[in-house]
Amino acid sequence: MADPLIRDDRANGRLEAFEEGAPAGAPAPVGVVVYFVLDAAPHALVAVHTVVEEEHEGKGIAGALVRELYATAAREGVPVVPLCSYAAKWAERHPDEAPVPSDEVVRAAKEQLRSTPDLW
């Protein structure tokens, strides 16, 4: 698969990947990173879940999504907290692209997640 088209649906906490060339508004995303923005400063992006549709697994979509989440955070000057197991493993494999967030930010992200479990 060519690089997927990635769209940030910030209002719904979703970074979505679509097949390149797919008509606008047509198909559902082939992959998604579910995330939220940490309420407390520094307003980190917190990755909660990464999913790729079964027929699109193994095409680098999940990696492209997580890479874009880190790129978005870098553009915004905030850290990423990879609570999602896939995002955490990706960050370990790409330390040059995935700065480690402070323990304080990780604690705040976990607390916000615990306090709003129905949202994620």
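A search of the whole structure, which is a predicted model, turns up one aromatic pair. The partners are Tyr 70 and Trp 90, and their rings are stacked, with 5.6 Å from centre to centre and 25° between the planes. Those two values are a natural way to introduce the pair, because a pair of aromatic rings is described by the distance of the centres and the angle of the planes. The angle also explains the word "stacked", because planes under 30 degrees apart count as such.

Where do Tyr 70 and Trp 90 lie? Tyr 70 belongs to helix H1 (residues 61-76), while Trp 90 belongs to helix H2 (residues 85-93), so the pair ties together parts that are 20 residues apart in sequence. Are the two residues buried or exposed? Tyr 70 counts as buried because its relative accessibility is 6%. Trp 90 is buried too, because its relative accessibility is 2%.

**More about helix H1**

Helix H1 is a good place to stay for a moment, since Leu 65 lies there as well. Leu 65 has 0% relative accessibility and therefore counts as buried. What lies 48 residues away along the chain, with a C-alpha atom 6.9 Å from that of Leu 65? The answer is Ala 17.

Arg 67 is another residue of helix H1, and its partner Glu 97 sits in the loop between H2 and helix H3 (103-115). The two form a salt bridge in which the closest N and O atoms are 2.7 Å apart. This contact ties together parts that are 30 residues apart in sequence, because one partner is in the helix and the other in that loop. Arg 67 counts as partly exposed because its relative accessibility is 37%, and Glu 97, with a relative accessible area of 29%, is partly exposed as well.

**Salt bridges**

How many salt bridges does a search of the whole structure find? It finds six. The idea behind them is simple: side chains of opposite charge can pair when their charged atoms come close. Here are some of them, including the one just described:

| Salt bridge | N to O distance |
|---|---|
| Arg 10 and Asp 8 | 3.5 Å |
| Arg 67 and Glu 97 | 2.7 Å |
| Arg 114 and Glu 111 | 3.2 Å |

Take Arg 10 and Asp 8, whose side chains meet in a salt bridge. Arg 10 counts as partly exposed because its relative accessibility is 33%. Asp 8 falls into the partly exposed class because its value is 38%.

Glu 111 and Arg 114 both belong to helix H3, and being three residues apart there, they are separated by about one helical turn. Is Arg 114 buried or exposed? Arg 114 has 56% relative accessibility and so counts as exposed. Its partner Glu 111, at 44%, counts as partly exposed. Elsewhere, salt bridges that share partners join Asp 8, Arg 10 and Glu 76 into one network.

**A patch of negative charge**

Which residues form a negative surface patch? They are Glu 19, Glu 53, Glu 54, Glu 55 and Glu 57. Glu 19 lies in the loop between strand S2 (14-18) and strand S3 (31-37), and it counts as partly exposed because its relative accessibility is 37%.

Glu 54 is located in the loop between S4 and H1. With a relative accessible area of 66%, Glu 54 is exposed, because exposed means over 50%. The C-alpha atom of Glu 54 is 8.7 Å from that of Val 30, a residue 24 positions away along the chain.

**Backbone details in one loop**

Finally, look at the loop between S3 and strand S4 (45-52), where Pro 42 has its place. Is the peptide bond from Ala 41 to Pro 42 cis or trans? The bond is cis, with omega near 15°. His 43 is found in this loop between S3 and S4 too. Although His 43 is not a glycine, it has a positive phi of about 55°. Both details catch the eye because most residues other than glycine have a negative phi, and most peptide bonds are trans. As for its surroundings, His 43 counts as partly exposed because its relative accessibility is 40%.

Note on methods:
Residues are numbered from 1 along each chain as its sequence is written. This is a predicted model: local features need pLDDT of at least 70, side-chain atom pairs count only at pLDDT 80 or more; totals for chains, interfaces and linings use all residues. Side-chain values use heavy atoms; hydrogens and water are left out. Patches are made of residues with over 30% relative accessible area and no salt bridge: like charges are joined within 9 Å, nonpolar side chains (Val, Leu, Ile, Met, Phe, Trp, Tyr) within 5 Å. Accessible areas come from the Shrake-Rupley method with a 1.4 Å probe; for residues, only the protein chains shown count as cover. A salt bridge is a side-chain nitrogen of Lys or Arg within 4 Å of a carboxyl oxygen of Asp or Glu. Lys and Arg count as positive and Asp and Glu as negative; His and the chain ends are not counted. The place of a charge is taken as NZ of Lys, CZ of Arg, CG of Asp or CD of Glu. Helices (H or I, at least four residues) and strands (E, at least two) are DSSP runs, numbered from the N terminus. Buried means under 20% relative accessible area, exposed over 50%, partly exposed in between (1.4 Å probe, protein chains only). Rings of Phe, Tyr and Trp (its six-membered ring) pair if their centres lie within 6.5 Å; planes under 30 degrees apart count as stacked, over 60 as edge-to-face and the rest as tilted.
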